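Here are my notes after a look through the model. Have the structure open while you read.

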Amino acid sequence: MLLPDTKRILLKLSGEVLMGEQGFGIEPTLVARLAEEVKQAKDSGLEVCLVIGGGNIFRGMAGAAKGLERTTGDYMGMLATVMNALAMQSALEQIGVATRVQSAIPMNAVCEPYIRRRAERHLEKGRIVIFAAGTGNPFFTTDTGAALRAAEMKCDALLKGTSVDGVYDKDPKRFDDAVRHETITYSQVLSDNLKVMDAAAVALCRENDIPIVVFSIREKGNVARVLAGEGVQTIVRKED
């Protein structure tokens, strides 16, 4: 196991991962592959909950930059995360995994409202819970929503699956000499303004002592490798 005594994890996936190479929307075959990896994590004995971003469909900040009112743009982004959550739920249930979607914005016709005690009960019964619509409030990212839900669910770790295989001292996509950290402290991430998650999310994880594991979700089988302590990743944790 990557972290000792890990029983419950929250896996945060960026929305962009779901669109594959098509540049927009949802690629069903890729969602199915990710569902298989989530199932493997559950089958290893872990209780698993998920948060999926909405950047493959709509980004509030991008909309605001083009003249859309920020609050409206953020709500549109939250609705995009619900669409991604429903896609992942469908893929998981097709392979026999009981799954519940809970939305911070009530929409009872398609999913449950977010109720903490009900979510905990689902996890205890072996179901995967997908938290959608962020925190339900504008001006908060899905990273912050993920950190909040991880704290509320008393998760032992927050795994962030992204397009980069860890935390670097500078942008590895722009600088060939960027160096990846094996481990790094919350305080260093915040003081160096490293773009792991937004500052509110990192601070929330620090306050609740939830390690953040950053790894590349684009490599097939990487979730299992990271959970086994074999994959390439960076762990953000408190000072020793």
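1. Helix α1 (residues 28-43) has 16 residues, and at 1.5 Å a residue (times one less than the residue count) it should span 22 Å; its end C-alpha atoms are 22 Å apart, so the two agree. Helices here are DSSP runs of H or I with at least four residues, strands are E runs of at least two, numbered from the N terminus. This is a predicted model, with local features needing pLDDT of at least 70, side-chain atom pairs pLDDT 80 or more, and totals for chains, interfaces and linings using all residues. Numbering starts from 1 along each chain as its sequence is written, and side-chain values use heavy atoms, without hydrogens and water.

2. Buried residues in α1 (under 20% relative accessible area, 1.4 Å probe, protein chains only) include Leu-30, Arg-33, Glu-37 and Ala-41. Their cover includes β1 (8-13), β2 (47-52), α3 (70-94), β5 (128-132) and α8 (222-227). Just after α1, Gly-45 has a positive phi of about 110 degrees.

3. Which residues of α1 meet α3? Val-31, Ala-32, Leu-34, Ala-35 and Val-38 touch Ala-87, Met-88, Ala-91 and Leu-92 (contact: heavy atoms within 4.5 Å). By class, that contact has nine nonpolar residues, no polar and no charged ones, with Ala, Val, Leu, Ile, Met, Phe, Trp, Tyr, Cys and Pro counted as nonpolar.

4. Over to strand β11 (residues 233-237): four of its five residues are buried, so the rest of the structure largely encloses it. β11 runs parallel to β9 (residues 183-185), joined by three bridges, and Thr-185 sits opposite Arg-237. With β10 (residues 212-216) the pairing (at least two DSSP bridges) is antiparallel, over four bridges; there, Val-214 partners Thr-234.

Definitions and conventions:
Buried < 20%, exposed > 50% of the residue type's maximum accessible area, 1.4 Å probe, protein only.
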